[in-house]
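The following questions and answers examine a molecular structure, shown below, from one of its helices to its core, its strands and its chain contact.

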Amino acid sequence: MSNDSIAAAHAFVAVMRRDLSIYLSYRVRLVSQLLTSVFSVTLFYYISRLVHVSGFKSPSSYFGFVVVGISMVSVMYSCFSIPELLRQELVAGTFDRLLLSPFGAVRSVIAMTIFPLLYSFVLAAITLGLGCVLFGLQLHWSTVPLSVPALVLALLAFLPFGLLFAALTVLVKQGSIGTTWVIALLSIVGGLYFPVTLLPHWVRTVARLEPFTAATSVLRHLLVGSSIGESPSGALVKLALFAAILVPGSIMVLAGAIRLGQRRGTIIEY
Amino acid sequence: MSAHPLAEPLPRATLCEQAPSDEGRRPESHSSGAYPLALWGVTKRWGTGQPAVLDALDLALEPGTLTWVGGQNGTGKTTMLRIAAGLIEPEEGTSEVWGVGARKNRVRYQTLVSFLPAGDRGLYARLTVRRQLEFWARISMIARERVRPSVEEALDAFDLGELADRRVDRMSMGQRQRLRIAMTFMPGPETVLLDEPLTSLDTQGKALLIVAIRQVLDRDGAVLWCSPSGESLDLAFDARWVIDGGRLVGA
């Protein structure tokens, strides 16, 4: 490994440590997010007891289904938080610093994704833990360890969406433009709260084309033993293909957006 | 005169005799007569059909020189610095540090040049001074074993030791400016670009800045200082220019 590669690896870690330090400096944020998880899990526990959902053999099976969905929502939010984080850097003038560093803006933006994704990973685990501790959610412990590499693959498949919106932020300076409705849309077509089989046929077709549905299905299968509808290996291959094609593609788009901003001189605007 | 709006090339043979190797940090091309900073034919417009803010501007800094560029508000000083720093690109022309082009070899270029933008932005409000410097050292890709010493040296050089564990949002404007200047000089750049560096600085802060500038000049680097009017410093400028009509003219 060359000295430059080692220095770059340290820079990636430094960005992650920076984000952790900033996160920890807002102590209320962690408490707030834990409370959100507690109340979300509680809400859906009682909904699962109140309403009989067709396709589920018991209230508990729907509860397991939806807790994994809630966990995936936090992962999705983390992916789509990258543009807003980038916008904060633009406003604070710190993005200029990243751009002018030998580490560079593209690698910095990629590095900026590490902490939110790791954090969402932890938050997802806490949400599942709350389901177990508070409401007796039964996890399939024999396959739970397999969910870790599956989630990593899912994160790689989701990451390009965050990077593409980051590229949009570089160009139009609005971090959250589009992300709110995209998350809402993906929550529906990704089957986070209810099975996609309830959706119209054409929406189900869309659901098969994006990675969120496949990732959620695989994780449900591994965590709570839900029926997946397609082979787990097929879903994992789909996620791997998404990651293999879209990760380099989205990095190229991001680099192009930054270069365009430098050429037009708008990179310094916010 | 040490810096030239170039009508003709400078006597490069003289320059290469003056430029030391500096532990191999400088590219080999410096020995063939490159400058610590050279802008060649730089033209920048803010929009198609707009008049050029910079119009085929040439500037070359010789090693060991401090150059001042002034001019009224909006004449293009900051634009010139941003191009020289590699932050934005000109429509035409090039920016080089010791023969390394900003576009051709971005990583190398950014290792050689350091830019202090005007204002008080560019700091993470919730990080401490030490964390801020450590972060900047890391993304400046300073060698691992040099990170801690570099941070300690920067804290010492800019009298930030007592503030090391204080968060930036709890510091005064002058203290923040000292931190910004410390970040600018910490990686040991060959060329330093300063945009209105005296903002909020007290007498002590100015003195520390001058010491840091002298160190760059002593190792045959160059410093380009931009401000609307000439500064009164305990340090003489080797050259003074103002931007007029998108080009440099003698002040």
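Q: Which residues of H12(A) are buried?
A: This is a predicted model, in which local features need pLDDT of at least 70 and side-chain atom pairs count only at pLDDT 80 or more, while totals for chains, interfaces and linings use all residues. Residues are numbered from 1 along each chain as its sequence is written, and chains are lettered from A and ligands numbered from 1 in the order in which they are written. A residue is buried if 20 or more other C-beta atoms, placed from the backbone, lie within 10 Å of its own. In H12(A), a helix being a DSSP run (H or I) of at least four residues, numbered from the N terminus, the buried residues are A:Ala235, A:Lys238, A:Leu239, A:Phe242, A:Ala243, A:Leu246, A:Ser250, A:Leu254, A:Ala257, A:Ile258, A:Gly261 and A:Gln262.

Q: At which residue of H12(A) does a kink lie?
A: The bend at a residue is the angle between axes fitted to the seven residues ending there and the seven starting there. In H12(A) a kink of about 30° lies shortly before the proline A:Pro248, at A:Leu246.

Q: Which helices do the buried residues of H12(A) pack against?
A: Two residues are in contact if their C-beta atoms, placed from the backbone, lie within 7 Å. The partners, in chain A, are helix H6 (105-112), H8 and helix H11 (211-224).

Q: How many residues does the largest nonpolar core have?
A: A nonpolar core joins buried Ala, Val, Leu, Ile, Met, Phe, Trp, Tyr and Cys residues through C-beta atoms within 7 Å. Those with the most contacts inside the largest one are B:Leu133, B:Ala182, B:Leu193 and B:Leu224. The size of this core is 148 residues.

Q: What is the bridge partner of B:Leu37 in E3(B)?
A: Strands are DSSP runs (E) of at least two residues, and two of them pair if DSSP finds at least two bridges between them. E2 (residues 37-45) and E3 (residues 52-61) of chain B pair in the antiparallel sense over 6 bridges. B:Leu224 touches both B:Leu37 and B:Leu61. The bridge partner of B:Leu37 is B:Leu61.

Q: Which element gives the largest share of the side of chain A that touches chain B?
A: The contact takes 30 residues from chain A and 26 residues from chain B. Helix H1 (3-25), helix H5 (94-99) and helix H12 (232-264) of chain A each give two or more residues to the chain A side. The largest share, 12 residues, comes from H1(A).

Definitions and conventions. A residue is buried if 20 or more other C-beta atoms lie within 10 Å of its own, exposed if 12 or fewer, and partly exposed in between; C-beta atoms are placed from the backbone. Lists of a residue's contacts leave out its neighbours within four places in sequence.
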